[in-house]
Amino acid sequence: MTIETPTSNNFIRQIIVEDRAAGKHGGSVITRFPPEPNGYLHLGHAKSICLNFGIARDFGGVCHLRFDDTNPGKEDVEYVEAIKDDVRWLGFEWDELRHASDYFEVFYLCGQKLIRDGKAFVCDLSADQQREYRGTLTEPGRNSPWRDRSVEENLDLFTRMRAGEFADGARTLRAKIDMASGNINLRDPTLYRIRKVTHQNTGDAWPIYPMYDFAHSISDAVEAITHSLCTLEFEDHRPLYDWCIREVDLPHHPELVEPLIKAGLHTVVSTPQQIEFSRGNLNYTVMSKRKLISLVQDGLVDGWDDPRMPTLSGARRRGYPAAAIRAFWQRVGVSKQISVIDYSVLEGCVREELDANAPRRFAVIDPLKLVITNLPEGHVESLTFPNHPKNEAFGTRTVALSRELWIEREDFIEVPPKGFHRLVPGGEVRLRGVGIVKCQDVAKDAGGNVSEVRCTLDLESRTGMPGAERKVKGTIHWVSAQHALAADVHLYDRLFNVADPDDETDGKTYRDHLNPDSRRTVRGYVEASLAGIEPEQSVQFERLGYFVADRVEHAPGKPVFNRIVTLRDSFAKPAK
C-alpha cells in the first residue's frame, strides 16, 4: 500500500498518515462536511470545507456532503441550495449527497436497540426539570424518577412517541450513562425529543427527531466515515459520540441498516473517529448564525449575499475569489489553538490572487472635468495599453483619448498641502499614457467649487517624442468624457467598527457597533472597454483598487461595480 505525503502538514494529516501506515480503516479516507441547513455558510465554514474536502482529495479518498436536517423548525430548502452552491463555488465536489433525514428509520431502530440493551429509557421530566436534575460542574446530577422503567414499558412509550400520541416536550428518550460523570454531556443525555413540526424532506411522517450527538455519530458510522473532523466545541462531546458508536455497534447489527438497503442507498458501516480542530475566527465580524439571521431579518443588511456580510455568498458577491479563500485557510493552518485572525490577512490573500489575475482598466469614481485646450474640438485618438503590466499573455487594449477627460477630483487641489505631487494651478502632471499637462485655468460653479480644470498638453512629451522622458513628480489616470461609461460604484468598508463586535462588556451589543459608513455608492465613469464585462468578472481600476461587476445588479447598459479591496492594506483605518 502506498502512503501519500500530504501537501501541507498539520496534526490531523499526521494522524491520517499514521492511520494509513497502520492499516486502520482499511487504509481508506472518507470525510464529510455536515452543515445544518438553518442559514447560509460563512467564512468560518470555509475552513471546514477546505479541510474535509482537501484531506479527502490529498489522500485519494472521498468527501460526502451531508445535511444535518434534524431540526426542521429552523431549516429551509433555500439554505440547502445555497450551501450546495457555496461548496461548488469554493471549488469542491462531493462524492455523495446525503441527509440525516435519510437515516430517520435507522436512528429509530438504534433507539429501540439501546432500550432493549438497557442503555436508554423514556423520561417524563420537562426540559427545565432535566436541567435541574443534571447538576453542576462541581456537583453530580440526580437520576430521573423514570430511569428504572422496564424495557417493555420503554419500548411501548417510545413506540407511542413515534406514533405521535404525546404532546411536544412531554417525553424524551435519554441515554442511560452516568449522572455523576465529570462530563455533563454523559449525564443521561437526550437522544430523541417530541417535535410535531413538518420536515422539508419527510413531511409529517416523524413527530420525533433525534438530537445532534446521536444523529451525527450514527450518520458517520452509516456512511463509513473514517475521520469525523469537528470544531473544538465538540471535544467534550466526543465521549458521547464514542458511546453511541460503541453501544449501537452497527458493524455487528446489520439489521439496523436494513431500511437503507431497501431504499437503495449504498451503505458500508464503519467505526469512525472524531478529531477536533479550532474553528475559523476573524475579527471585525460575527459568525453566530443567530446574529447573522437577525441582521438579515431585521433589514440591517440587504440579505445573506450583502457584500458586507461574512457569508460565502456575500464574499462571492463582494468579489473575493474562491482561490483566495482557499489560500487564506491554508495559510492560517489547522491546530487546536483558539485564535482570532486579523481580517487583513484574508484581504492580503485576495490582493495576491487579484494582482495576478485581474486585468487593468481606467475608471474615475469622483469625477472632475479636465479639458486639454490645445487639442482641437472633436479630437479623438486611440492609445494602446497593456491589460496587465506583469503578464504579457493578457494582451493589450485600445483606449480613446479626447479633448475632454474625467480625472479624480482628489488629483487636483487649488491650495495643495506639503508633499502633494498631483495637479495644482500652474503645475504639471503626467496623464497616464498621454503626456505632461499643465494647469492654466479653472472654472467654478455657483457654489465656488471647481467644476473644470483647463490644461495644455506638452506635445513634445507624447510617447516617442524627445520630451517624453521629462521628469514630473505626479502621474494621474483618466477616462475620455466622450467615450466613458457611467457606472454605479459601491465602495464597501467593514460592517462593524470594532474588532470584537461580540464583546458586550461595555453594555453594548453587536448591533451598536454597525458601521454607518460600511457602504457608499457613487456615480463614476469607466473606460468603454468594460461595456461587455460579465457579472462576477474582476478588474483592477488603476490607482483605485480591485472591483467586480456585481453578480446581481450589473447588466448590459447598466454597469454596477463593487470595490473588493483597495490596492494596499487600509483595514487598520476606514477606507476612503
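Me: How do you know that the side chain of Arg360 reaches the backbone oxygen of Ala358?

Reply: In this predicted model, the side chain of Arg360 comes to 2.6 Å from that oxygen of Ala358. The cut-off for a polar contact is 3.5 Å between N or O atoms, so 2.6 Å falls within it.

Me: And what makes the pairing of the Arg360 and Asp355 side chains a polar contact?

Reply: Same kind of check: the two side chains, Arg360 and Asp355, are at 2.9 Å, and the limit is 3.5 Å. So that one counts as well.

Me: Why is Arg360 called buried?

Reply: Its relative accessible area is 3%, and buried means under 20%. So Arg360 makes the cut. As for where it sits, Arg360 is in strand E10, residues 360-361.

Me: Which residues does Arg360 touch, leaving out those up to four places away in sequence?

Reply: Leu354, Asp355, Asn387, His388, Pro389, Arg397, Gln540, Glu542 and Tyr546. Touching here means heavy atoms within 4.5 Å.

Me: Why does Asp58 count as buried?

Reply: Asp58 has 14% relative accessibility. The line is drawn at under 20%, so buried is the label for Asp58. You'll find Asp58 in helix H2, residues 43-58. For a sense of distance, Asp58 and Pro272 are 214 residues apart in sequence and 19 Å apart in space, C-alpha to C-alpha.

Me: Which residues of helix H8 are buried, and what covers them?

Reply: H8 spans residues 238-248, and its buried residues are Leu240, Tyr241, Trp243, Cys244, Ile245, Glu247 and Val248. The cover includes helices H4 (104-116) and H7 (212-222), plus strands E5 (172-175), E8 (227-231) and E9 (273-277). Right after H8 comes Asp249, with a positive phi near 55 degrees.

Me: How do you know that the protein isn't a compact globule by its radius of gyration?

Reply: A compact globule of 576 residues would come out near 25 Å, but this protein has 31 Å. The box around the C-alpha atoms is roughly 100 × 55 × 40 Å along the principal axes.

Me: What share of the residues is buried, and how many helices and strands are there?

Reply: Buried residues are 53% of the 576, and the protein has 13 helices and 25 strands. Of the contacts between residues at least 6 apart in sequence, 70% join residues at least 24 apart.

Me: How far apart do the centres of the positive and negative side chains lie?

Reply: 4 Å, with 74 positive and 85 negative side chains in the sets.

Conventions. Residues numbered from 1 in each chain as written. Predicted model: local features only at pLDDT ≥ 70, side-chain atom pairs only at ≥ 80, totals over all residues. Heavy atoms only, no water. Helix = DSSP H or I, 4+ residues; strand = E, 2+ residues; numbered from the N terminus. Buried < 20%, exposed > 50% of the residue type's maximum accessible area, 1.4 Å probe, protein only. Polar contact = N/O pair within 3.5 Å; in protein donor to acceptor, adjacent residues only side chain to side chain. Rg over C-alpha atoms; globule rule 2.2 N^0.38 Å. Lys, Arg positive; Asp, Glu negative; His and termini not counted. Charge placed at Lys NZ, Arg CZ, Asp CG, Glu CD.
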